[in-house]
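Hi there,

I am handing over the structure we talked about, so please open it next to this email. My notes come after it.

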Amino acid sequence: MNYIEIDFEKVEGYNKLSKPAKQVFERVYKSHNAGQGLDYKKDWLPKEVKERKTHIEVHFVNGEWLHYMPNGTWY
């Protein structure tokens with residue numbers, strides 16, 4: 001899969017995530033980003049991440065945010 005590689009450590013809040021949450025975030029980010037065209041990808045680079053009870057809340061450079069779910073989906 002082709003996705004824009006990022007330094008996850010530089011995403012605000014990443015270091016506060018539990019180890020399982022980091023794994024979910026990294027896995028779903030790669031899948032989400034790889035499935036889109038290059039113009040889309042640039043707008044959907046994560047800038048902040050928060051761990052919630054059932055999902056990871058991801059805020060992007062375009063001002064949008066999504067829920068990344070442990071099952072690999074996002075909405």
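Below are some notes on the core, a helix and the salt bridges.

This is a predicted model, in which local features need pLDDT of at least 70 and side-chain atom pairs count only at pLDDT 80 or more, while totals for chains, interfaces and linings use all residues. Residues are numbered from 1 along each chain as its sequence is written, and side-chain values use heavy atoms, with hydrogens and water left out.

Start with the largest nonpolar core (buried Ala, Val, Leu, Ile, Met, Phe, Trp, Tyr and Cys residues joined through side-chain atoms within 4.5 Å). This core has 16 residues, and Y14, F25, V49, I56, V58 and Y68 touch the most other members. Helix 1 (19–34), strand 2 (56–60) and strand 3 (65–68) each give it two or more residues; helices (H or I, at least four residues) and strands (E, at least two) are DSSP runs, numbered from the N terminus. Helix 1 supplies the largest share, five residues.

Which residues of helix 1 are buried? They are A21, V24, F25, V28, Y29, H32, N33 and A34, where buried means under 20% relative accessible area, exposed over 50% and partly exposed in between (1.4 Å probe, protein chains only). Their cover includes helix 2 (38–43), strand 1 (46–51), strand 2 and strand 3.

Finally, there are two salt bridges, each a side-chain nitrogen of Lys or Arg within 4 Å of a carboxyl oxygen of Asp or Glu. One joins E48 and K50 at 3.9 Å; the other joins R52 and E57 at 3.1 Å. R52 is partly exposed at 37%, whereas E57 is buried at 12%.

Happy exploring!

Methods
Contact = heavy atoms within 4.5 Å.
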